[in-house]
Amino acid sequence: MGSPIVLGIESSCDETGAGLVQDGRLLGHAVASSMDEHARYGGVVPEIASRAHLHALRPVVRKALDEAGLGLSDIGAVAVTTGPGLSGALQVGLAGAKGLAYALGVPLYGVHHLAGHVAADTLEHGPLPDPCVVLIVSGGHTSLLLVRDLAREPIAHLGDTLDDAAGECFDKVARVFGLPYPGGPAVDRAARDGNPRAVPFPRPLPGSYDFSFSGLKTAAARWAESHTGPAGLPVPDGAASLQEAVADVLTRKAVAACTEHGVGTLIVVGGVAANSRVRSLAEERCRAAGISLRVPPLRLCTDNGAMIAAVGDLLVRAGAEPAPLDVSIDPSAPLEYAALHPVVRNADAA
């Protein structure tokens, strides 16, 4: 008999996701996004996101179960994102997960959102090599990690973003360029008609595995401000040059980290892993360095419940302790382990 079917719930930002995983195999998943509701504001509004999660959670869980041909009684464990993310959004997902776990009499596991992105790749390519280097690139996070046993061992950070993450840089510069939200896909589309060498944007922190995209964002804004003449702003060239700078920095550091640590596999995950230039440049540089590259399919790059279920499945199979009944959220949780089981501290305690 196989391990229990794990239901994963994700609600850290503007996607409500549910996924079902058993023994490393994705059985079904569904995602509802409130992105369109935030577009008019140029970014995610926490209160709107929380309300959208409240409306979407039950239908998304039902849709995932229907896709898998399963019922609630088939669920053997529940995993949920407990951080990092928007406080109200995380609370909605955790409340729903607690209710399901309690009603079904099954264990509950708290999961670190970024560990979910790492585990997403296992649903397409199988178990993670031990060790592997993982590049996480998303709207709020850019990290370079050395990963061994995701369910059992601590995650080593080789580098992290010091200010703006790559996806945040895309969003902010897209607004300056007059492109729609979300900025990442808009920049990618605009860049198809541009020259990636048109603008010599800087490559931040060349001698470090850490990342900094604030200066690049400012450089792009200054470049846009300099085009006030009748010819207007050459957006395709700006988008292509910005995208090239981001992809160059990300892939150069990731491949260098693999080489320095003697690791033969690079895994690129997160929403920005869907960027066409990041993917193509990573392929080119990994091929030249003799490194195996793994990138999840596009549907598993952005936030989803399948990736949270994947972590829950790994934790169940590793014999990890479930979350305590008073497990809470940690909106700014550092990535140390895949399991994240914070509890509320007593405010009255001395």
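Which helix is Ala254 found in? Ala254 belongs to helix 9, which covers residues 235–261. Keep in mind as you look through these views that this is a predicted model.

**View 1. Ala254 sits buried in helix 9.**
Start with Ala254, a residue of helix 9. Its relative accessible area is 0%, so Ala254 counts as buried. Now look for Ser34 as well: Ala254 and Ser34 are 220 residues apart along the chain. In space, 32 Å separates the C-alpha atoms of Ala254 and Ser34.

**View 2. Three aromatic residues, Phe177, Phe201 and Trp223, are linked into a cluster by ring pairs.**
The structure holds three aromatic pairs. One of them joins Phe177 and Trp223, whose ring centres are 5.7 Å apart. The planes of these two rings meet at 65°, and an angle over 60 degrees counts as edge-to-face, so this pair is edge-to-face. The partners come from distant parts of the chain: Phe177 lies in helix 6 (residues 166–177) and Trp223 in helix 8 (residues 214–225), 46 residues apart. Are these two residues buried or exposed? Phe177 is buried, with a relative accessible area of 5%, and Trp223 is buried at 13%.

Trp223 also pairs with Phe201, again edge-to-face, with 6.1 Å from centre to centre and 85° between the planes. This pair, too, links distant parts of the chain, as Phe201 is in the loop between helix 7 (183–191) and helix 8, 22 residues from Trp223. Phe201 has a relative accessible area of 6%, so Phe201 is buried.

**View 3. A lysine places its charged end over an aromatic ring.**
Here the residues to find are Lys253 and Phe211. The charged end of Lys253 sits over the ring of Phe211, at 5.2 Å from the ring centre.

**View 4. Strand 4 pairs with strand 1 and with strand 5.**
Follow strand 4 (residues 75–83), where eight of the nine residues are buried. Strand 1 (residues 5–10) runs parallel to strand 4, and five bridges join the two. One place to spot this pairing is Ile5, whose bridge partner in strand 4 is Ile75. Strand 5 (residues 108–112) is also parallel to strand 4 and is joined to strand 4 by five bridges. For this second pairing, look at Thr81 and its bridge partner in strand 5, Val111. What kind of unit do strand 4, helix 3 and strand 5 make? Together with helix 3 (residues 87–104), the two strands make a right-handed β-α-β unit.

**View 5. Helix 2 bends at Ala56.**
Helix 2 takes in residues 46–68, which makes 23 residues. At 1.5 Å a residue, helix 2 should span 33 Å, and its end C-alpha atoms are 31 Å apart, which agrees. At Ala56, helix 2 bends by about 45°. A proline, Pro59, follows within four residues of the bend. Several residues of helix 2 are buried, among them Ala52, His53, Ala56, Leu57 and Val60.

**View 6. Two peptide bonds that lead into prolines are cis.**
Most residues other than glycine have a negative phi, and most peptide bonds are trans. Against that background, find the bond that joins Gly83 and Pro84: this peptide bond is cis, with omega about -15°. Pro84 lies in the loop between strand 4 and helix 3. Another cis peptide bond runs from Asp130 to Pro131, with omega near 5°. Where is Pro131 found? Pro131 is in the loop between helix 5 (122–125) and strand 6 (132–137).

**View 7. Asp23 and Leu205 have a positive phi.**
Asp23 is not a glycine, although its phi is positive at about 50°. Look for Asp23 in the loop between strand 2 (15–22) and strand 3 (25–33). With 39% relative accessibility, Asp23 counts as partly exposed. Leu205, which is not a glycine either, has a positive phi of about 50°. Leu205 is in the loop between helix 7 and helix 8. Its relative accessible area is 32%, so Leu205 is partly exposed.

Conventions:
Residues numbered from 1 in each chain as written. Predicted model: local features only at pLDDT ≥ 70, side-chain atom pairs only at ≥ 80, totals over all residues. Heavy atoms only, no water. Phe/Tyr/Trp six-rings, centres within 6.5 Å; stacked < 30°, edge-to-face > 60°. Buried < 20%, exposed > 50% of the residue type's maximum accessible area, 1.4 Å probe, protein only. Lys NZ or Arg CZ within 6 Å of the ring centre and 35° of its normal. Pairing = 2+ DSSP bridges. Right-handed = clockwise from strand over helix to strand, strands pointing away. Expected span 1.5 Å × (residues − 1). Bend = angle between axes of the 7 residues up to and from the residue.
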